[in-house]
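Dear colleague,

I am passing on the structure we spoke about, together with some notes on how its helices and cores are put together. Please read the notes with the model open beside them.

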Amino acid sequence: MKKVYLGIDIGSISTKGVIIDEDNKILASSYLYTEGSPITASKRVVRELKSKINLSEYKVVGVGTTGSARKLIGTILGANVIKNEITAHAIGTMSIYPEVRTIFEIGGQDSKIILIDNGIVTDYAMNTLCAAGTGSFLSSQAKRLGIPIEEFGNIAITSRKPTKIAARCTVFAESDLVHKSQMGHKKEDIIAGLCYAI
């Protein structure tokens, strides 16, 4: 049997899972919404991952968790490794891009900037006080505009003139978005403006 490893990132908005082999090759992956229930979401991710590989050929020899529910799910799964998002982002990114110096991560409940120097995290900062700088904010604005969040990026890059959005506060940003929409700004320009504001 080939040895494989299971990793799960349990976030406030989405839960992601992956099975990799000893060469870091992805054998199966899963992405779904947490929907306020990290245990249920994690069970669904594990089931989906199991359905994508032939279990008679592989043996899971290690489990790692990260994300806002990493400790809970790590305990339930008997994880060998439970890491915070800063460490997970840094190690994961450097495994693909060894020369990386800056990582931006926009999560559901916070956003992060991670600074790396010669493969070592030297500093980081998190936005945890205002929803305007998070993925939840983008998701709610996508709903307001009637666009699936999965299409947000593709639409944003078609913009020729991104709309300036007041982004100091969710309330002001939403008011500004409605006002700009009523003024006739194109949807793709508003979407691009929201992405820049974040």
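In what follows, contact means heavy atoms within 4.5 Å, and helices (H or I, at least four residues) and strands (E, at least two) are DSSP runs numbered from the N terminus. The model is predicted, so that local features need pLDDT of at least 70 and side-chain atom pairs count only at pLDDT 80 or more, while totals for chains, interfaces and linings use all residues. Residues are numbered from 1 along each chain as its sequence is written, and side-chain values use heavy atoms, with hydrogens and water left out.

To begin with the first helix pair, P38, I39 and S42 of α1 meet L72, I73 and I76 of α2. The two helices, of which α2 covers residues 70-77, pack at an angle of about 55° with their axes 10 Å apart, the axes being lines fitted to C-alpha atoms over the stretch in contact and the angles running from 0 to 180 degrees between N-to-C directions. That angle makes α1 oblique to α2, given that under 35 degrees counts as roughly parallel, over 145 as roughly antiparallel, 65 to 115 as roughly perpendicular and the rest as oblique.

α1 (38-52) also supplies at least two residues to the largest nonpolar core, as do β1 (2-10), β3 (26-33) and β4 (58-66). This core has 16 residues, and those with the most contacts inside it are L6, I10, I19, A28, L49 and I53; a nonpolar core is here a set of buried Ala, Val, Leu, Ile, Met, Phe, Trp, Tyr and Cys residues joined through side-chain atoms within 4.5 Å, where buried means under 20% relative accessible area with a 1.4 Å probe and protein chains only. The largest share of the core, four residues, comes from β1. Leaving aside residues up to four places away in sequence, A28 touches G17, V18, I19, L49, K52 and I53. A second, separate core of 14 residues includes L138, A142, I165 and L177.

Helix α4 (residues 135-145) packs against helix α7 (residues 187-197) at an angle of about 170°, with their axes 11 Å apart, which makes α4 roughly antiparallel to α7. On the α4 side the contact is made by F137, L138, Q141 and L145, and on the α7 side by K187, I190, I191 and L194. Within α7, D189, I190, I191, A192, G193 and L194 are buried, and what covers the buried residues of this helix includes α4, α5 (152-156) and α6 (170-182).

With best wishes

Terms used:
Buried < 20%, exposed > 50% of the residue type's maximum accessible area, 1.4 Å probe, protein only.
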